Amino acid sequence: DERKGPDRAKINIAFTAKTEKRTPEEVVVKGEFKIAGGTGRYEKLTGSGVISGYMFCYDPKGCVANQNMFRDMQFGLQGVYSDPAFKP
């Protein structure tokens, strides 16, 4: 696909999460997500499930040198979805 990021179809995901662990270097969160459509081929996409992940400071000097801001993150989503636009 040669389209640039802003021109590609998007999936709309809303989520709520709670902190499960917090240290000066990382925050671990877990919660629930919902897929509420999107743009282009994802317009009628629906789904839900569990979101979990963590935020951290990828800075050799640590979070203190980074104004105590967690600027790096990794998340995973596990759940179910329905994509009426998919035609195998």
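## An all-strand chain in a predicted model

The protein chain has a radius of gyration of 17 Å, whereas a compact globule of 88 residues would have one near 12 Å. This is a predicted model. The C-alpha atoms fill a box of roughly 50 × 30 × 20 Å along the principal axes.

### Overall build

How many helices and strands does the protein chain have? There are 0 helices and 4 strands. Read along the sequence, the pattern is β-β-β-β.

Of the 88 residues, 22% count as buried. The accessible surface of the protein chain comes to about 7,000 Å². Carbon and sulfur atoms hold 54% of that surface.

Contacts can also be sorted by distance along the sequence. Take the contacts with a separation of 6 or more: 49% of them are between residues 24 or more positions apart.

Charge comes next. The protein chain carries 14 positive and 11 negative charges. Their mean positions are 3 Å apart.

### Four buried residues

The table lists four residues with their place and relative accessibility.

| Residue | Place | Relative accessible area |
|---|---|---|
| Val27 | strand S2 (residues 26-38) | 3% |
| Phe33 | strand S2 | 6% |
| Phe56 | strand S3 (residues 46-56) | 18% |
| Asp83 | segment after strand S4 (72-82) | 17% |

Why does Phe56 count as buried? Its relative accessible area is 18%, and buried means under 20%, so Phe56 falls in that class. Asp83 counts as buried too, because its relative accessibility is 17% and the cut-off is 20%.

### Strand S2: Val27 and Phe33

Val27 lies in strand S2, which covers residues 26-38. Its relative accessible area is 3%. Which residues does Val27 touch, not counting those up to four places away in sequence? They are Thr19, Lys21, Arg22, Gly53, Tyr54, Met55 and Phe70. The C-alpha atom of Val27 is separated from that of Asn68 by 12 Å, and the two residues are 41 apart along the chain.

Phe33 is also placed in strand S2. Phe33 is buried, with a relative accessible area of 6%. Beyond its neighbours within four places in sequence, Phe33 is in contact with Ile13, Ala14 and Phe15. Its contacts also include Gly47, Ser48, Gly49, Val50 and Ile51. Leu77, Gln78 and Gly79 complete the list. Phe33 and Thr23 are 10 residues apart along the chain, and their C-alpha atoms are separated by 24 Å.

### Strand S3: Phe56

Phe56 belongs to strand S3, residues 46-56. Setting aside residues up to four places away in sequence, Phe56 touches Glu25 and Glu26. It also touches Phe70, Arg71, Asp72 and Met73. Phe70 is thus one of the residues touched by Phe56, and Phe70 is touched by Val27 as well. From Phe56 to Asn68, C-alpha to C-alpha, the gap is 9.7 Å in space and 12 residues in sequence.

### After strand S4: Asp83

Where is Asp83 found? Asp83 is in the segment after strand S4, which runs over 72-82. Leaving aside neighbours within four places in sequence, Asp83 is in contact with Arg41 and Leu45. With Arg41 there is a polar contact: the two side chains are joined at 3.1 Å.

Note on methods. Residues are numbered from 1 along each chain as its sequence is written. This is a predicted model: local features need pLDDT of at least 70, side-chain atom pairs count only at pLDDT 80 or more; totals for chains, interfaces and linings use all residues. Side-chain values use heavy atoms; hydrogens and water are left out. Helices (H or I, at least four residues) and strands (E, at least two) are DSSP runs, numbered from the N terminus. The radius of gyration is taken over C-alpha atoms; the globule rule is 2.2 Å times the number of residues to the power 0.38. Buried means under 20% relative accessible area, exposed over 50%, partly exposed in between (1.4 Å probe, protein chains only). Contact means heavy atoms within 4.5 Å. Accessible areas come from the Shrake-Rupley method with a 1.4 Å probe; for residues, only the protein chains shown count as cover. Lys and Arg count as positive and Asp and Glu as negative; His and the chain ends are not counted. The place of a charge is taken as NZ of Lys, CZ of Arg, CG of Asp or CD of Glu. A polar contact is a pair of N or O atoms within 3.5 Å; within protein, one must be able to donate a hydrogen and the other to accept it, and residues adjacent in sequence count only if both atoms are side-chain atoms.
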